[in-house]
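Hello,

Here is the structure I promised to pass on. Please have a look, then read my notes below.

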There are 2 protein chains.
Amino acid sequence: MPKVSEEYKAERRAEIAAAALRCFARKGFQATSMAEIIAETGLSAGAIYGHYASKDDLVVDCARYFLGNRVNDLARLKDQRPLPQPGQVAAMFIAGFGEDLGDFGILVQVWGEAVSNPKVAELIGSVLTQTRTVYEDYLAEWFRAKGTLNEQECVAKGIAFAPVIVSLCQGYMVQGTVLPDFDGEAYLATLLDLRFD
Amino acid sequence: MPKVSEEYKAERRAEIAAAALRCFARKGFQATSMAEIIAETGLSAGAIYGHYASKDDLVVDCARYFLGNRVNDLARLKDQRPLPQPGQVAAMFIAGFGEDLGDFGILVQVWGEAVSNPKVAELIGSVLTQTRTVYEDYLAEWFRAKGTLNEQECVAKGIAFAPVIVSLCQGYMVQGTVLPDFDGEAYLATLLDLRFD
DNA sequence: GTCTATATCCAGATAGAC
DNA sequence: GTCTATCTGGATATAGAC
């Protein structure tokens, strides 16, 4: 019976979260005021607080939203044939984020926010661990395809190199955000020249 | 004539900045209030504002302080013999930061802060560009030592790979901050297995 | 559910005595 | 230069009408 109402609520929450995310992407979580979010939605304070109990709730929900998409993207990678190079995997991950968010500032800010906000920290930790696990699986597969290592070595190397791939993505995002003259294309091309062995 | 006074002022500023840095490292720039900094110094509001015109000034000064040390460290690297491996260079950079700050949370937060604070952005941009330049010089030297490339190729490869080394450092810091189970030792060991060619 | 109006709090910053 | 006391603004969040 409360079916329509549930749908409506979910829609409104998504609407509010989307507007908030636009604000956060522009100015960061902490520097964005509820007043700005309210203006961006076109709604009123009362309406917002009817759906979110606090600004903190909104922050966490926004972070969850755009991080979730990434994990879904990645899960598909492992089954692609031919198996892409490690450098290509990183490039795809970065491209997915870029399309979703426009730029990487928001993600860089989320990492910073995690330092002082336990809820965000937990969320990021979970997502990053999932991401790393996907990379571990992919890399094991990649080493198997090379055919020069035994099964145990493939798995071990996957575990060892996964955080390095994560770094290559994170570094792109930090430098792309902070350095005005960062050359993303050249960076991605260089990744293809890296040898994991 | 105002000599003692100048020294005293500089000392006090450093004292205040050090206390502020401790606070920022714990809670982040934005989440730290002036009241906390005041408490940490043991001084009073009036005393602080006698030396810093605003919280923002204090933030920028703190960031400048700990970023500056890193650039100095790096400048020495290029002249070391035998020339360390790229992976070792990254490890040294990371170790230097760790000794100076205890952990990397503060740096991760600075990157986030740069998104919304132009003064911090400029500072980080400058430091990161200097860092990258040092890496470029070092890498050119490294490729020369291998003896398989001509001069032009050495320089070009240095420019191409420098941002990758930067990423390897940044990724360590992000993951070390955000992932409770991040294995820094294993990560650094893996870097030694990366081949740049 | 949503609005307007407002309560409440705490931040950064200052004034003026010493 | 440093203190205490305080101002002022803007932040989050709520109350109550519709």
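Chain A splits into two domains: domain 1 covers 1–53 and domain 2 covers 56–191. Bear in mind that this is a predicted model.

The C-alpha centres of these two domains of chain A are 28 Å apart. In contact are 15 residues of domain 1 and 13 residues of domain 2. Together the two domains bury about 1200 Å², with 75% of it on carbon and sulfur atoms. On the domain 1 side, A:Leu21, A:Phe29 and A:Tyr52 lose the most area, together 51% of what that side buries.

The count of salt bridges between the two domains is one. A:Arg13 and A:Asp61 form a salt bridge, with their closest N and O atoms 3.7 Å apart. The elements giving two or more residues to the domain 1 side are α1 (3–27) and α2 of chain A. The largest share, eight residues, is from α1(A). By class, that side has 11 nonpolar, two polar and two charged residues.

Now the DNA. Strand D is surrounded by 17 residues, and the closest are A:Met34, B:Tyr8, B:Arg12, B:Ser44 and B:His51. Of the strand D atoms within 4 Å of the protein, 70% belong to sugar or phosphate. A polar side-chain atom of B:Arg12 sits 2.2 Å from a phosphate oxygen of strand D. For A:Met34, a backbone N or O atom is 2.7 Å from a phosphate oxygen of the strand. The largest share of the surface near strand D, four residues, comes from α1(B). That surface has seven nonpolar, seven polar and three charged residues.

Best wishes

Definitions and conventions
Residues numbered from 1 in each chain as written. Chains lettered and ligands numbered in written order. Predicted model: local features only at pLDDT ≥ 70, side-chain atom pairs only at ≥ 80, totals over all residues. Heavy atoms only, no water. Near = heavy atom within 4 Å. Polar contact = N/O pair within 3.5 Å; in protein donor to acceptor, adjacent residues only side chain to side chain. Nonpolar A, V, L, I, M, F, W, Y, C, P; charged D, E, K, R; others polar. Domains from an automatic or database assignment. Contact = heavy atoms within 4.5 Å. Buried area = accessible area lost by both parts, 1.4 Å probe. Salt bridge = Lys/Arg side-chain N within 4 Å of Asp/Glu carboxyl O.
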